[in-house]
Amino acid sequence: MRRNQDTAETCHGEQPQSSTGTQTDSMQGQVPRLSKVNLFTLLSLWMEIFPSADHDMTHDHDTGKRKSQVKKTGLVVVANMKIIGLHCSSKELHAGQIAVIKHGSRLKDCDAYFSRKPCSACLKMIVNGGVNRISYWPGDPEMSLQQEITNHSNPGDAQLDAKAVERLKSNSRAHVCVLLQPLACSMVQFVEETSLKCDFIQKIEMKHPDFTTNVFYEYRQERIKEYETLFLISSEEMHKEMLRMMGLKNLCENPYFINLRQNMKELVLILATVASSVPSCYDFGFYLSESQLTSDVNHQSLTPEITQHCMIQARLLAYRAEDHKIGVGAVIWAERKSSTVDCDGTGTMYFLGCGYNAFPVGSEYADFPHMDDKQKDREIRKFRYIIHAEQNALTFRCHDIKPEEKSMIFVTKCPCDECVPLIRGAGIKQIYAGDIDIGKKKADISYMKFGELKGVGKYTWQQNLCSAGDVEQSDPRARGNGMLKKKSIDEDHNHQCKKLHIGKSS
């Protein structure tokens, strides 16, 4: 039985492992692209802050209660480089325990990406499930060491748990490691530029000419501060001490430590920038299209926080796209009717599948045309060869879509005429998307069918209809994201002052 040592690819100068998977791996000479390892890492961080009403691990300033030592944790379960589970801690169960309940023996040979180093309770169960690799974010672990280090107290449960984790790790077949890969050259700049050009920001700009890049960057800066506080140890010395206590002494020496900190900061910056591309400002959100307000479509939708969170998942997936002009991401979730089986931090919602636009499985990027629609010769256009994000999400979904449950797809752009019949035929009940391209035809691709789609709830990114004037709460047109809202005098004043509305982060 081999003994495992924690490693960090970027810190030891190793070559990043090939992210072989469902689609081609190389795009030399094209736009930068997230590696699958970093995509899974980002999604695990993002799942840690999945909106949840029943999970409070914050310090209660009013009662003076001590902050919980168990940190909420996000988890991405991957099989054959395809995501089969997105989970987060619940009030009673840790993320690793939830994965065992949800997947059982199907965990064998899977990879697990944690937003924190799992505690011994989770690690022993995950290892016992036969996973191939366990990767975790090298910050404060699930059993938090932060408070003990700050208070210089005697070794407590957290330190004892850290030692137990090390022993479990060393005697397991699973490879337990820190796996962070260097970002592609210009990746941060590319994410920043494309976030400003995405459909959701464009829609706000169309409705509010006063919306400037300064508004976007103000919102982005708020997110950066928030996520750095959550995912980064502020003091370098404190971070080194924590790494030592976690059994990562080899990462405390330079240049390994410097590289590790830089990679962590860049990934947090990517996450904050992508999150800012679906901003909580100017009363914008995902609301039913006007043609459906009086129809018989089921109007009950998700809360704005969950809707925004899932759309940002899709936005992250878009940065794996092989279409060098338009990156599209899609993620499918479903909601159980019964709440009695809930154990996940996602409540009644559970993950079905996800995808991004790419060439067929096993193909090489250079095998097919990848010119854009400005090419006069239709033979060298990419449209007929690219598998769309919605198509990949449906193809590689990990569960069936049940007709009796509410299923929903989140896609970063308006579904095209090729995908709309697939979404409806699959039995998906709701679509959340941008709508800038509705009714348009662009070279070989058109978006005519989305506007005509019946029987499916279409929630598009738009301004809350209430903000156009006083609307009675009984008016169904005021309904958006499952909530009724009436514009207040204060909100109106804020709009007139053209100030940024920063909502509670999801």
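The second largest pocket of this predicted model is a handy place to start, with a volume of about 1,000 Å³. Its lining is made up of 45 residues, and K325, I326, G327, V328 and K413 are the ones nearest its centre. If you'd like to find the helices around it, look for α6 (187-197), α7 and α12 (389-395), since each of them supplies at least two residues of the lining. The largest share goes to α6, which puts in 4 residues.

Hang on to K413 for a moment, one of the residues nearest the centre of that pocket. K413 also belongs to a network of salt bridges, together with D199, D437 and K442. Take D437 and K442 from that group: they form a salt bridge in which the closest N and O atoms are 2.7 Å apart. How buried or exposed are the two partners? D437 has just 3% relative accessibility, so it counts as buried. K442, on the other hand, is partly exposed, with a relative accessible area of 32%.

Helix α7 (199-207), which we met at the pocket, leads on to another spot. Between α7 and α8 (213-231) there is a loop, and T212 lies in it. With a relative accessible area of 34%, T212 is partly exposed. Count back along the chain to I201 and you cover 11 residues, while in space the two C-alpha atoms are 9.9 Å apart.

Back to charged pairs. Side chains of opposite charge can pair when their charged atoms come close. Searching the whole structure turns up 13 salt bridges. A good one to look at joins the side chains of E166 and K117, at 2.7 Å from N to O. What does this pair tie together? E166 sits in helix α5 (residues 157-170) and K117 in the loop between β3 and α3 (120-128), so the bridge links parts that are 49 residues apart in sequence. Both E166 and K117 are buried.

E166 has another partner too: its side chain meets that of K169 in a salt bridge, 3.0 Å from N to O. This one stays within helix α5, where E166 and K169 are 3 residues apart, about one turn of the helix. Why do these two count as buried? The cut-off is under 20% relative accessible area. E166 comes in at 18%, so it is buried, and K169, at 1%, counts as buried as well.

The loop holding K117 follows on from β3, and that strand takes us to the sheet. Strands of a sheet pair through backbone hydrogen bonds, either parallel or antiparallel. Here 5 strands form an open sheet with mixed pairing, in the order β2-β1-β3-β4-β5. At the edges you'll find β2 (82-88) and β5 (175-177), each of which pairs on one side only. On average, neighbouring strands in this sheet are turned by 15 degrees against each other, ignoring direction.

Zoom in on β1 (residues 74-79) and β2: they run antiparallel and are joined by 6 bridges. To see how they line up, find G74, which stands opposite C88 in β2. Helix α2 (residues 95-103) packs on the sheet here, touching β1, β2 and β3 (111-114). The direction of α2 makes about 130 degrees with that of β2.

Note on methods: Residues numbered from 1 in each chain as written. Predicted model: local features only at pLDDT ≥ 70, side-chain atom pairs only at ≥ 80, totals over all residues. Heavy atoms only, no water. Pairing = 2+ DSSP bridges. Axes fitted to C-alpha atoms, helices over the stretch in contact; angles between N-to-C directions. Contact = heavy atoms within 4.5 Å. Buried < 20%, exposed > 50% of the residue type's maximum accessible area, 1.4 Å probe, protein only. Salt bridge = Lys/Arg side-chain N within 4 Å of Asp/Glu carboxyl O. 1 Å grid on protein atoms, 1.4 Å probe; cavity = no way out; pocket = protein on both sides within 12 Å on 5 of 7 lines; lining within 4 Å. Points joined across faces, edges and corners; volume = space filled by probe spheres on them.
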